[in-house]
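Biologist: Hey, got a minute to walk me through this one? I'd like to go over the ligands, the domains and the sheets.

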Amino acid sequence: MTEPLILAVPKGRILEEALPLLAAVGIVPEAAFSDKNSRALRFATNNPAIDLIRVRAFDVATFVAHGAAHLGIVGSDVLAEFDYSELYAPVDLGIGHCRISVAEPVALAEQDDPRGWSHVRVATKYPHITRAHFEARGVQAECVKLNGAMELAPVLGLAPRIVDLVSSGRTLQENGLVEVEVIAQVTSRLIVNRAAFKTRASEVVPLVDGFRKAAA
Ligand SMILES: Nc1ncnc2c1ncn2[C@@H]1O[C@H](COP(=O)(O)OP(=O)(O)OP(=O)(O)O)[C@@H](O)[C@H]1O
Ligand SMILES: O=P(O)(O)OC[C@H]1O[C@H](OP(=O)(O)OP(=O)(O)O)[C@H](O)[C@@H]1O
């Protein structure tokens, strides 16, 4: 029997929005998937031809790019940060809406002129996106890599500016920061390993079509 297709889903906030989409394409994970006490990471579904794995958002792209998972659901922020050529992202799922932005303390923003920047020091989980954004207009970005709580960096003197995801703007506001530039809008995408798209086309293509219809 052919091995099941493996679909990688992120653990965090995208998961809640992704579950109804999975149900709409006919994928319902086994009960252990929603059991907070379960330590399992791979799950069967109602479809014996599809298994789910639950991993960190950034790792979804890595599993799928290397062919360890065949498909995945991931934010376009993660795709832009890695720029994996082995990934095909055929469907915008219309979930996980946010944006990736440059922010700085209110007091700095009041007397700051972004046109005058030649070098910036930035705390971020996204060094590649950050450097590319600033390089495009001739500004050199020195990045301090963090994995969360970027908003603490300016007040504690780690870096005067941050590049992070913004949705409601509440996290920035509660930490005395303001958004000064939007780098890109973000939504979650269905991703497919390019080799799997060819070698398992008879299973993958109908699934991609199902997600396209469910997201429309
Ligand atoms: N505030 C937000 N609103 C909407 N979508 C968001 C928001 N923050 C993050 N996302 C989306 O969810 C994805 C995962 O977010 P995030 O990295 O914050 O989750 P996490 O659970 O903290 O991840 P991890 O613990 O693996 O680092 C992001 O890549 C992005 O696409
Ligand atoms: O504009 P807002 O609606 O406040 O959302 C923005 C926050 O959401 C994300 O963090 P998340 O809540 O996923 O926490 P973490 O990445 O720090 O775990 C992001 O890193 C911001 O901190």
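Modeller: Sure. One term before the ligands: a residue counts as near a molecule if its C-beta atom, placed from the backbone, lies within 6 Å of it. Also keep in mind that this is a predicted model.

Biologist: Fine. Which residues surround ligand 2, then?

Modeller: By that cut-off, the residues around ligand 2 are Gly12, Arg13, Gly148, Ala149, Asp164, Leu165, Val166, Ser167, Ser168, Gly169, Arg170 and Thr171. Two elements, β9 and α6 (170-174), each give two or more residues to that shell.

Biologist: Which element gives the most to the shell around ligand 2?

Modeller: That's β9, with three residues.

Biologist: And how does the shell around ligand 2 split by class?

Modeller: Six residues are polar, three are nonpolar and three are charged.

Biologist: OK, ligand 1. Which residues come nearest to it?

Modeller: There are 18 residues around ligand 1, and the nearest are Gly12, Arg56, Gly75, Cys98 and Ser167. As for elements, α1 (13-24) and α3 (76-82) are the ones that supply two or more residues to the shell.

Biologist: What's the class split around ligand 1?

Modeller: Seven nonpolar, seven polar and four charged.

Biologist: Which domains does the shell around ligand 1 draw on?

Modeller: Domain 1 and domain 2, with at least three residues from each.

Biologist: Where do those domains run?

Modeller: The assignment puts domain 1 at 5-96 + 187-215 and domain 2 at 98-186. Their C-alpha centres are 29 Å apart.

Biologist: How many residues are in contact between domain 1 and domain 2?

Modeller: Seven from domain 1 touch eight from domain 2. On the domain 1 side, α3 gives the most, with four residues. That side consists of one nonpolar, four polar and two charged residues.

Biologist: Switching topic. What does UniProt place at residues 56-209?

Modeller: An unreviewed UniProt entry has the feature "domain: ATP phosphoribosyltransferase catalytic" there. In the model, residues 56-209 are 32% helix and 34% strand, and the C-alpha atoms at the two ends of that stretch are 25 Å apart.

Biologist: On to the sheets. What's the strand order in the one with six strands?

Modeller: The order is β2-β3-β1-β4-β11-β5, in an open sheet with mixed pairing. At the edges are β2 and β5 (87-92), each paired on one side only. The twist from one strand to the next averages 30°.

Biologist: Which helices pack on that sheet?

Modeller: One is α1, which touches β1, β4 (71-75) and β11 (188-193), with its direction at about 130° to that of β1. Another is α8 (residues 201-215), in touch with β1, β4, β5 and β11, and its direction makes about 35° with that of β5.

Biologist: How do β1 and β3 pair up, parallel or antiparallel?

Modeller: Parallel: six bridges join β1 (residues 5-10) to β3 (residues 50-55). As an example, proline 10 stands opposite valine 55 in β3.

Biologist: And β2 with β3, parallel or antiparallel?

Modeller: Antiparallel, with three bridges between β2 (residues 42-44) and β3. They make a hairpin with five residues between the strands. Arginine 42 has isoleucine 53 in β3 as its bridge partner, and phenylalanine 43 stands opposite leucine 52 in β3.

Biologist: What holds paired strands together, generally speaking?

Modeller: Backbone hydrogen bonds, whether the strands run parallel or antiparallel.

Biologist: Now the sheet with five strands. What's the order there?

Modeller: It goes β8-β7-β9-β6-β10, again listed as open with mixed pairing. β8 (140-145) and β10 (177-186) are the edge strands, each pairing on one side only. Neighbouring strands in this sheet are turned by 30° against each other on average, direction ignored.

Biologist: β9 came up at ligand 2. How many bridges join it to β7?

Modeller: Three bridges join β7 (residues 119-124) to β9 (residues 161-166), and the two strands run parallel. In one of the pairs, valine 122 is partnered by arginine 161 in β9.

Biologist: Last one: which strands does α5 touch?

Modeller: Helix α5 (residues 127-135) packs on the sheet and touches β6 (98-105), β7, β8, β9 and β10. Its direction makes about 165° with that of β8.

Definitions and conventions: Residues are numbered from 1 along each chain as its sequence is written. Chains are lettered from A and ligands numbered from 1 in the order in which they are written. This is a predicted model: local features need pLDDT of at least 70, side-chain atom pairs count only at pLDDT 80 or more; totals for chains, interfaces and linings use all residues. Ala, Val, Leu, Ile, Met, Phe, Trp, Tyr, Cys and Pro count as nonpolar, Asp, Glu, Lys and Arg as charged, and the others, Gly among them, as polar. Domain bounds come from an automatic or database domain assignment. Two strands pair if DSSP finds at least two bridges between them. Axes are lines fitted to C-alpha atoms, for helices over the stretch in contact, and angles run from 0 to 180 degrees between N-to-C directions. Two residues are in contact if their C-beta atoms, placed from the backbone, lie within 7 Å. UniProt positions are given in the numbering used here, feature names are shortened, and annotations may be inferred rather than shown by experiment.
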